[in-house]
Amino acid sequence: MTEQKKWEDMSNEMLLKEYKETNDQELKKVLVMRYVYLVKNIALKLRGVYLSFAQVDDIINEGVLLLMSALDKFDPGQNVKFETFVCKRLRGMIIDLARKQDWVPRSVRRRMHEIDEAYNELFAQLGRTPTDSEVAKRMGMSEARYQEAISKTALCNVISLDMMLDERESETLGHRLPQTDPEAQPEEFFQRKEMGEVLRSSIRELRENEQLVLSLYYQKSLQMKEIAKVLGVSEPRVSQIHSNAIRKLRIRMTAYMNGA
C-alpha cells in the first residue's frame, strides 16, 4: 500500500500524530489540504473586518501560510485540539491586521461609546439588562435607527471583545511562573478559570435567541445566512442579534476586568 493510499484511510488526528513523529513534508501537504477549510471558514466569517484593506483570497493565502506554521508549532501534549489551536491563531492574525490598519472609522467608535454609555446608565438605573427600545429611547432615536447603529458597530464589538480577551491572556502569560503545568501556576490557573466562569455566566444571562445565534455561529461554524434559515428570520436580523450579544458580553467583560 502506498503512503498516499494509507493516509486516505487515516483520521486527521492520526495523520497529525504521524507528522509530528516523522516530519514528512508530503504528509504535511496532505494535512494542509485536510485543514484548509478552517482558513476559509475564518476568512469568510471575518471578511467584513479586512475588506477595506485586503481581499478574501489574500487573507486565505496568509491563513494557509499560518496553517503550515501551526502544524510545526502544535504540541499534542498540551491537550488542546488542533482545530482550536489554529482557529485562535487565524482570528488573531486578522485582528492584528485590523489593528495595524486602524480600520474602525472614528464615527463608529463614537457611536459604540454612546451606545455603551446609554446601556450602562440604564443597567445601573433599572438593575437589569435594558431592552433595545429602552436604550434607543435613552439615546433619543427610533428603534429602527438604533438597530441600524448596532449593525454598523457589529464588527467593532467583535474585534474589541477579541482584543480585550487576547490582551488579558497576554498579560497573564507575561507574569507566568516558569513551571509548565498550569495547575502549578496557581495565579494564572485561577485567573483563567475565573474569567471563563464570568464569560459563561454572562452568556447565560443573554436572551435565548442571542445564545442560540452565538452557539450556531461560533460552535457550529454556520454563516449568517445559514443561521437566518434556521431561525426563520432575515440575515440582517441575525447580524443585529449577534451584535447585541457581543456588545453585552464586551461590556460585562470590561466591567469584570476593571474590577467593577
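**Exercise 1.** Determine whether Asn 79 is buried, partly exposed or exposed, then place the residue in the fold and describe its phi.

*Solution.* Step 1: the classes are buried (under 20% relative accessible area), exposed (over 50%) and partly exposed (in between), with a 1.4 Å probe and protein chains only. Step 2: Asn 79 has a relative accessible area of 74%, so it is exposed. Step 3: Asn 79 sits in the loop between helix H5 (56-73) and helix H6 (82-101); helices are DSSP runs of H or I with at least four residues, strands are runs of E with at least two, and both are numbered from the N terminus. Step 4: its phi is positive, near 60°, and the residue is not a glycine.

The model is predicted: local features need pLDDT of at least 70, side-chain atom pairs count only at pLDDT 80 or more, and totals for chains, interfaces and linings use all residues. Residues are numbered from 1 along each chain as its sequence is written, and side-chain values use heavy atoms, leaving out hydrogens and water.

**Exercise 2.** Carry out the assignment for Asn 23.

*Solution.* Step 1: Asn 23 lies in the loop that separates helix H2 (12-22) from helix H3 (25-45). Step 2: its phi is positive, about 60°, although Asn 23 is not a glycine. Step 3: the relative accessibility is 46%, so Asn 23 counts as partly exposed.

**Exercise 3.** Summarise the protein as a whole, from helices and strands to contacts.

*Solution.* Step 1: the protein has 14 helices and 0 strands. Step 2: 40% of its 260 residues count as buried. Step 3: among contacts (heavy atoms within 4.5 Å) with a separation of 6 or more, 63% join residues 24 or more positions apart.
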